[in-house]
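Reader: I am new to this structure and would like a close look at a single part of it. Please take me there slowly, beginning with the whole and then moving to the part itself.

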Amino acid sequence: MTDIKIIRKNNSIVEVTASGHTGYGESGEDIVCAGVSTLIQSALLGLLNVAKINVKFKVNEETGSLRFTLPEALTAEERHDADVILNTMLCGLQDFYTEYSDFINLEVI
């Protein structure tokens with residue numbers, strides 16, 4: 001089971017945590033785990049490399065976990081860019097959750 005926790009503040013996503021493997025398929029062939037990981041990692045890369053936001057993140061490959069937190073002080077442009085990137089990620093995760101809720105736990109606070 002992959003546990004995903006998304007924290008919102010003032011209607012904007014400020015933190016994302018994902019941990020665990022979905023268990024949908026064999027290691028290396030788990031398309032659900034790969035899809036979820038791709039969505040979350042792409043969002044992080046978009047924040048860092050496209051929006052140029054100094055996001056704090058931590059990855060643990062052994063446990064299959066990733067956590068990132070946005071800085072509190074963002075410009076209006078950075079907040080807009082972060083909202084677009086992270087809400088797009090959330091749309092994809094919600095779609096995965098609709099199809100694979102036996103393998104994904106998605107919590108949005």
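**From the whole chain to one turn and one helix pair**

Author: Of the 109 residues in this protein, which is shown here as a predicted model, buried residues make up 34%. The protein holds 2 helices and 5 strands, and, read from the N terminus, these elements follow the order β-β-α-β-β-α-β. The radius of gyration is 14 Å, close to the 13 Å that the globule rule gives for 109 residues, so the protein is as compact as a globular protein of that length. Taken along the principal axes, the box filled by the C-alpha atoms is roughly 45 × 25 × 20 Å. When contacts between residues at least 6 apart in sequence are considered, 58% of them join residues at least 24 apart.

The part to look at closely is the loop between strand S1 (2–9) and S2, where Asn10 is placed and where Asn11 is also found. Asn10 has a phi near 55°, which is a positive value in a residue other than glycine, and Asn11, likewise not a glycine, has a positive phi near 70°. Asn10 counts as exposed because its relative accessible area is 72%, where exposed means over 50%. Asn11, with a relative accessibility of 62%, is exposed as well.

After this loop comes Ser12, which belongs to strand S2 (residues 12–19). With 8% relative accessibility, Ser12 counts as buried, because the cut-off for that class is under 20%. Leaving aside residues up to four places away in sequence, Ser12 touches Ile7, Arg79 and Asp83. With one of these, Asp83, the contact is also a polar one, made between the two side chains at 3.0 Å.

From there the view can pass to the helices, since helix H2 spans residues 76–100 and packs against helix H1 (residues 31–50) at an angle of about 175°, with the two axes 9 Å apart. That angle makes H1 roughly antiparallel to H2, because angles over 145 degrees are counted that way. On the side of H1, the contact is made by Val32, Gly35, Val36, Leu39, Ile40, Ala43, Gly46 and Leu47, while H2 contributes Ala82, Ile85, Leu86, Met89, Gly92, Leu93, Phe96 and Tyr100. Sorted by class, this contact of H1 with H2 has 13 nonpolar and 3 polar residues, and no charged ones.

Key: Residues are numbered from 1 along each chain as its sequence is written. This is a predicted model: local features need pLDDT of at least 70, side-chain atom pairs count only at pLDDT 80 or more; totals for chains, interfaces and linings use all residues. Side-chain values use heavy atoms; hydrogens and water are left out. Axes are lines fitted to C-alpha atoms, for helices over the stretch in contact, and angles run from 0 to 180 degrees between N-to-C directions. Helices (H or I, at least four residues) and strands (E, at least two) are DSSP runs, numbered from the N terminus. Angles under 35 degrees count as roughly parallel, over 145 as roughly antiparallel, 65 to 115 as roughly perpendicular and the rest as oblique. Contact means heavy atoms within 4.5 Å. Ala, Val, Leu, Ile, Met, Phe, Trp, Tyr, Cys and Pro count as nonpolar, Asp, Glu, Lys and Arg as charged, and the others, Gly among them, as polar. Buried means under 20% relative accessible area, exposed over 50%, partly exposed in between (1.4 Å probe, protein chains only). A polar contact is a pair of N or O atoms within 3.5 Å; within protein, one must be able to donate a hydrogen and the other to accept it, and residues adjacent in sequence count only if both atoms are side-chain atoms. The radius of gyration is taken over C-alpha atoms; the globule rule is 2.2 Å times the number of residues to the power 0.38.
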